[in-house]
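User: Could you take me through the cavities and the ligand surroundings of this model, setting each term against its definition?

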Amino acid sequence: MRIVVVGGCGHVGLPLSVALAVNGHRVVAFDISKTAVEQVNKGHAPFWEPGLNELLLLAVNSDFKATTDPKSVSDAEIVVVIVGTPIDLHLNPDPNAVVSAVADIAAHLNDKQVLVLRSTVFPGVTEQVERLLFNLGIRAPVVFCPERIAEGFAVQELSELPQIIGARTDRDFIRASDLFKTLGVKTVRTTPEEAELAKLFTNTWRYIKFAAANQFWMMANDSGVNFDNVRDAIRFEYPRAADFPAAGFTAGPCLFKDTMQLAAFSNNTFALGNSAMMINEGLPLYVVERLSKKYNLANTKVGLLGMAFKGESDDNRSSLAYKLKRIMKFKSAGVLTTDPYVKNDIELVSEEEVIASSDLLIISAPHMRYKDIQTEKPIVDIWNLRGNGSAV
Ligand SMILES: NC(=O)c1ccc[n+]([C@@H]2O[C@H](COP(=O)([O-])OP(=O)(O)OC[C@H]3O[C@@H](n4cnc5c(N)ncnc54)[C@H](O)[C@@H]3O)[C@@H](O)[C@H]2O)c1
């Protein structure tokens, strides 16, 4: 098939584009980022994703290319849209992000194509796109097929996770299904509205589970009980608690903003989602408050180990490590930060310098390399990476 992926050089657009290309499709990744397009065409992914560079090299040597030219869309049988859908500083979703990306390429769309929306959207966006196309006289059907991969597992999960397909007609379902089946995955049929909510519920469900673990961790911590022993005891040969998460900073480009999209969708009556947000976003404040009882922070230099939003990732979008940094900058004698993966932060220094110059170290992203750091200095480890306990 001939496929154009709009937003095809992004964190989820690129893995999908190359996965489709190595599975025999002719794929064009259309993206407005000139830098990303240039890098991709040279065979370098603009971000770290295990296994992606190897696949990208295979793809650029087959029928795949990246472009900033929107006219590329006109040649496609299937147009996949996977642009970013961030919330603003006041936690409002932008329901127009996808609609305006489609409006920008509308001049190059035609009735024979299928439009596959794949961004995580505010409910009702699929219908808005349908209305936009209808008003422009374009009769291409629109299906909503959410992306559910996790960063760090994209390459593996694209050929494993069942694909939800929100389609209005049998024909639309079959056309979208045929595309995803070439990746070797099963498909599940819903309406577009069900698929939109399915994606938001998926991420919000995870966000709430992490918030529950974080709240339990704070409770145990406050009462002097070892949270890790409690969690281990609960999970020991007890499958119903197998998914009880560890404590940790829960943030990043998806879970938080999708919970906020759902909160806005429910007219800000989503008490559970908003509580989860208060707990997860409040965790750096809690950690600092606890540390201020043990240390004279005003005289303490603090070193933050890891600035990405999660372990083994270079993605620092919405990372709570930065919130911790801001609070510590205000309260402590100084903050140094390091991360072996993050490339877009000019304030980072080497791990050696952070360890040598700090009085107190905090693991702020659970990169596995921090498991084995040798130092006499105290290390705060809320993920319990080092196995010495998560207590603060
Ligand atoms: N990052 C994840 O792990 C993940 C997982 C599942 C779903 N999602 C969802 O996928 C969507 C994309 O997320 P992401 O993390 O890949 O974002 P991203 O910012 O990494 O990628 C988006 C890409 O779209 C490009 N772009 C923006 N506007 C465009 C336009 N009008 N035309 C063409 N290209 C355009 C950007 O240059 C960028 O390369 C979001 O809705 C997100 O919620 C993300």
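The exchange below turns first to the ligand and then to the cavities.

Analyst: Please keep in mind that this is a predicted model.

User: Why is the pair formed by H11 and an oxygen atom of the ligand called a polar contact?

Analyst: A polar side-chain atom of H11 lies 2.6 Å from an oxygen atom of the ligand, and because a polar contact is a pair of N or O atoms within 3.5 Å, this pair qualifies. T85 also places a polar side-chain atom 2.6 Å from a ligand oxygen, while T120 contributes a backbone N or O atom at 2.9 Å from an oxygen atom of the ligand. Taken alone the ligand exposes 820 Å², of which the protein buries 85%.

User: What makes a residue count as near the ligand, and which residues come nearest?

Analyst: One of its heavy atoms must lie within 4 Å of the ligand; 24 residues surround the ligand, and H11, D31, T85, E151 and K257 come nearest. By class, this shell holds ten nonpolar, eight polar and six charged residues.

User: How many cavities of 30 Å³ or more does the structure hold, and what lines them?

Analyst: There are two. The largest has about 90 Å³ of space and is lined by 13 residues, with R118, E147, L158, L161 and Q163 nearest its centre. The second largest has about 40 Å³, and its lining includes W217, N221, F227 and S390.

User: Which helix gives the most to the lining of the second largest cavity?

Analyst: That is α8, with three residues; α8 (192-222) and α9 (227-235) each supply at least two.

How values were computed
Residues numbered from 1 in each chain as written. Predicted model: local features only at pLDDT ≥ 70, side-chain atom pairs only at ≥ 80, totals over all residues. Heavy atoms only, no water. 1 Å grid on protein atoms, 1.4 Å probe; cavity = no way out; pocket = protein on both sides within 12 Å on 5 of 7 lines; lining within 4 Å. Points joined across faces, edges and corners; volume = space filled by probe spheres on them. Helix = DSSP H or I, 4+ residues; strand = E, 2+ residues; numbered from the N terminus. Polar contact = N/O pair within 3.5 Å; in protein donor to acceptor, adjacent residues only side chain to side chain. Areas by Shrake-Rupley, 256 points an atom, 1.4 Å probe, with all protein chains shown as cover. Nonpolar A, V, L, I, M, F, W, Y, C, P; charged D, E, K, R; others polar.
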